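Biologist: Please take a close look at one helix pair in this model, and then at the largest pocket.

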Amino acid sequence: MLIRPWRDGDRALVIAAQAYLSPRTIDRRFLVGSGGRLPASYLAHIAAGPRAEWDAQVAVDGGVLCGWAEYGRLPGGGPEADLAVLVADPWQRTGLAKALIRALVQRMIAAGVTTIHADVAGSNAPTRGLVRALAGTDPGPTYADGLLHYAFDLAAVPQEALARPELYDSPAGH
């Protein structure tokens, strides 16, 4: 499996990857009921590709998009950005989300992002654990509107989280 930066044409891979995304997976990523499909406004947003306000890392295996991690700068274009990750159902709980985020953190630093924000449903234990590990020694989340909100300085990210994987060995059967 190859982990690489987002590039032109990846929107088509995202659309094809919907076959591997359950409604629960999509709802956890977008924090709302999705009807089992990626929102049209989101697909239009990612069609523009990488830019100063948004970028992503993708995991591709045999032409199939297995997951992606992305950041979007908060309004105003400053050094703060939201972080999100989505891993297709067959590749969940394999460490792929962690590998994608590790690769993305490097790009965030290079782009001048200094603060990461992440909103997580309290019921999403795997993602809560992943974000806590990434946040290092920064304080825990705040709770608002039914979500845990994490905000932490990239300088607090543990060094082991800054590895830059390009190839990811998925577990057997994936």
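Modeller: The axes of helix α1 (residues 10-17) and helix α3 (residues 40-47) approach within 9 Å and cross at roughly 155 degrees; helices are DSSP runs of H or I with at least four residues, strands runs of E with at least two, and axes are lines fitted to C-alpha atoms, with angles from 0 to 180 degrees between N-to-C directions. The model is predicted, with local features needing pLDDT of at least 70 and side-chain atom pairs 80 or more, while totals for chains, interfaces and linings use all residues. Residues are numbered from 1 along each chain, and side-chain values use heavy atoms, without hydrogens and water. α1 and α3 are therefore roughly antiparallel (over 145 degrees). On the α1 side, Arg11, Val14 and Ile15 meet Leu43, Ala44, Ile46 and Ala47 of α3 (heavy atoms within 4.5 Å). This contact comprises 6 nonpolar residues, no polar and 1 charged (Ala, Val, Leu, Ile, Met, Phe, Trp, Tyr, Cys and Pro are nonpolar; Asp, Glu, Lys and Arg charged; others polar).

Turning to the largest pocket, 37 residues line it, and Arg29, Val85, Leu86, Asn124 and Thr127 lie nearest its centre (an open set of 1 Å grid points where a 1.4 Å probe fits, with protein on both sides within 12 Å along at least five of seven lines; lining residues have an atom within 4 Å of a point). β4 gives the largest share of this lining, 6 residues. By class, the lining has 19 nonpolar, 9 polar and 9 charged residues.

Conventions:
Angles under 35 degrees count as roughly parallel, over 145 as roughly antiparallel, 65 to 115 as roughly perpendicular and the rest as oblique.
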